[in-house]
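Let's take a friendly walk through a protein and the ligand it holds. Please keep the sequence and the 3D view open while you read.

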Amino acid sequence: MDDAWICGRLGEDESWQLGAVNPPVYETSLFTFPTAGALTEGLSAEDENYVYSRGTNPTVDVLQRKLAALERAERAKCFGSGMGAISATISSLVSAGDHVIVLGAVYGPTTQFLRYLEKFGVSHTTVHADNPAALDSAVKPTTRLLYLESPSYMRYGIIDIRAFTAWARGRGITTVMDNTWSTPIFQKPLTMGVDLVVHSLSKYIGGHSDLVGGVVAGPARLVRPIAQTEYQLLGAALSAHEASKAIKGLRTLPLRMRAHQERGLEVAEFLAGHPAVRAVNHPGLPSHPGHALARTQMTGFSSVFSVELGTEDLATVARFVDGLRHFRTGVSWGGFESLVNAPALTTQESVRATMGIPLGLVRLSVGLEDASALVADLAGALETS
Ligand SMILES: Cc1ncc(COP(=O)(O)O)c(C=O)c1O
């Protein structure tokens, strides 16, 4: 089944929708039952029957069916945010006394959540490694989970997914991967040995910077307990309205990702050739150290990447950011609008140093505006900074 069909039609039900091209938005918290006995049955399998929208909702189910199919997963469960999905997934897999290995740089709040879990007796170690053997010194008898992002956060390094998941499988360790950067259009981690995939729907999948949502996808044996326990108890439910927006986002996802890829590469190539730029961290560029590996596990590249300006002067970074007209300053990414984010201007120096982020590093999210206008914008800002 091709991804365009999944995004457009899969999981929708002609009879239920009465021919409407968009699935109805089930704007209800509550589903009633014909008899008291039916209610009891519904409650005992709440993630499969409609009882209450903190558990399940038909509009959200449409989105879940599509996301599961895109990730080649048996099941998917949507959440009220990416962090809702990530925190529920990690919580489901670990208990007091367990240990987690984090591979490389991951989204900051994910690491903060792991630090938060320390008060419940869950420890973690971050390992920056490019081969699985390096994990042998970090692994403990209590290691339950290997958590990764590829491309990695802010520097967009590529991790050998097949090699690391094989290492984890051999030790009975569950692998969870954040696939937000690539979207399932460009990368399908479950087909490479990853056990569970998580996403923020708030980026490319939503695609219009108008919703916050998340998802976990994988085998039913791992997703069902999350749906029945953490989803219900931690309460990060996705509303039918947000799900409906994500369904509309999915309709154009394959098209948008191709357009993001084209524009992102055009802008990255321009920057790579500019004398004021020290480095461009975009795995789609043949000069990127992970490019050859990326080609074996990804079918395309999204348009968020970082550049390292050849400066040690904070004021130069600020002038560059302020000199941009098309790229607006903002923390998120994956929508229509191009965005810029300079950690040196927003993050404490000590935090930046721990993350290995140089002063001149600037993240760009290339949107869907005309690429030549974006290049001209960057050229002008580099000239005047
Ligand atoms: C890679 C990545 N994963 C997860 C998240 C968290 O998603 P949300 O903001 O939807 O909670 C983000 C948000 O920026 C992200 O960049």
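Amino acids can be sorted into three groups: Ala, Val, Leu, Ile, Met, Phe, Trp, Tyr, Cys and Pro count as nonpolar, Asp, Glu, Lys and Arg as charged, and the others, Gly among them, as polar. In the shell around the ligand, this sorting gives four nonpolar, six polar and three charged residues. The model is predicted, so local features need pLDDT of at least 70 and side-chain atom pairs count only at pLDDT 80 or more, while totals for chains, interfaces and linings use all residues. Residues are numbered from 1 along each chain as its sequence is written, and side-chain values use heavy atoms, leaving out hydrogens and water.

**Around the ligand**

Altogether, 13 residues surround the ligand, where being near means that a heavy atom of the residue lies within 4 Å of the molecule. The closest are Met83, Asp178, Ser200, Ser202 and Lys203. Helix H5 (residues 82-93) supplies the largest share of this shell, with three residues; helices (H or I, at least four residues) and strands (E, at least two) are DSSP runs, numbered from the N terminus.

The table lists polar contacts of the ligand, meaning pairs of N or O atoms within 3.5 Å.

| Ligand atom | Protein partner | Distance |
|---|---|---|
| oxygen | polar backbone atom of Met83 | 2.8 Å |
| nitrogen | side-chain N or O atom of Asp178 | 2.6 Å |
| oxygen | side-chain N or O atom of Ser202 | 2.6 Å |

Taken alone, the ligand exposes 390 Å², and the protein buries 90% of that; these accessible areas come from the Shrake-Rupley method with a 1.4 Å probe.

**Features of the backbone**

Which residues does a cis peptide bond join? They are Ser150 and Pro151, with omega about 0°. Pro151 sits in the loop between strand S4 (143-149) and helix H7 (161-169).

Leu18 is not a glycine, yet its phi is positive, about 55°. You can find Leu18 in the loop between helix H2 (14-17) and helix H3 (36-44). Is Leu18 buried or exposed? Leu18 is exposed, with a relative accessible area of 77%; buried means under 20%, exposed over 50%, and partly exposed in between (1.4 Å probe, protein chains only).

Ser209 also has a positive phi, near 50°. Ser209 lies in the loop between strand S6 (196-200) and strand S7 (214-218) and is partly exposed, at 47% relative accessible area.

**A buried glycine**

Gly300 belongs to the loop between helix H12 (291-297) and strand S9 (304-309). Gly300 is buried, with a relative accessible area of 1%. Not counting residues up to four places away in sequence, Gly300 touches Phe186 and Gln261, where contact means heavy atoms within 4.5 Å.

How values were computed
Polar contact = N/O pair within 3.5 Å; in protein donor to acceptor, adjacent residues only side chain to side chain.
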